[in-house]
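Visitor: I should like a close look at a single part of this model. Please take one helix and follow its buried side into the interior.

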Amino acid sequence: MKILLLFKVLLIGGTSIFAQNPSAFDTECEKYISGTVPLAYSTELYRTINSPSVTILDAREEKEYEVSHLPKSQYIGFYNFDSKSVSLIKKTDTIYIYCSIGFRSEKIGERIQKMGFNNVFNLYGGIFNWANSGYKVVDKNNKQTKEVHGYNKEWSKLLNEKRCFINLDN
């Protein structure tokens with residue numbers, strides 16, 4: 001009887017883990033992230049998000065940022081990234097950079113590291129993992145939303161549909 005109860009608890013608990021991490025999420029991230037910028041996880045950023053020495057940068061494109069972004073983040077883009085966009089950040093601040101899953105943010109993170117910033121972290125799984133974990137995202141008016149730009153139809157499958165509506169308008 002105790003074994004059956006334990007099995008039920010594990011099954012129910014396991015279901016929520018899978019709901020937060022759709023199948024193949026980690027596998028997909030590992031295909032694109034090389035580790036040249038240290039990784040940080042959503043729980044770590046969530047704990048420090050209100051620190052005055054934390055800066056959060058969004059390395060997606062503007063239309064993605066307008067659909068939703070992490071609270072307190074600033075848009076810096078990927079294709080049109082300009083080093084001037086980080087010129088007001090203190091070199092001693094902790095910088096978290098994110099995109100959809102971590103590829104674009106890693107590339108921008110490498111550039112920012114070369115500019116002399118030492119505390120630069122790539123948010124593992126990007127906004128997808130953040131949203132799948134149940135953390136708040138806001139739209140261009142800083143209103144909480146459940147929408148997350150899915151980048152494209154294939155990548156949108158990495159989003160937990162129970163937590164996010166998917167905007168495939170790429």
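Guide: This is a predicted model, in which local features need pLDDT of at least 70 and side-chain atom pairs count only at pLDDT 80 or more, while totals for chains, interfaces and linings use all residues. Residues are numbered from 1 along each chain as its sequence is written, and side-chain values use heavy atoms, with hydrogens and water left out.

The part chosen is helix H2, residues 25-32. Helices (H or I, at least four residues) and strands (E, at least two) are DSSP runs, numbered from the N terminus. Buried means under 20% relative accessible area, exposed over 50%, and partly exposed in between (1.4 Å probe, protein chains only). In H2 the buried residues are Phe-25, Glu-28 and Cys-29. Because they cover an arc of only 100° around the axis, taken from the directions from the helix axis to the C-beta atoms, they lie on the same side of H2. Glu-30 and Lys-31, on the other side of H2, are exposed.

The buried residues of H2 pack against helix H6 (126-132), contact meaning heavy atoms within 4.5 Å.

Cys-29 has a relative accessible area of 0%. Its sulfur is 9.0 Å from the closest cysteine sulfur, in Cys-99, which is too far for a bond; a disulfide is a pair of cysteine sulfur atoms within 2.5 Å. Cys-99 is likewise buried, at 2%. The count of disulfides is 0.
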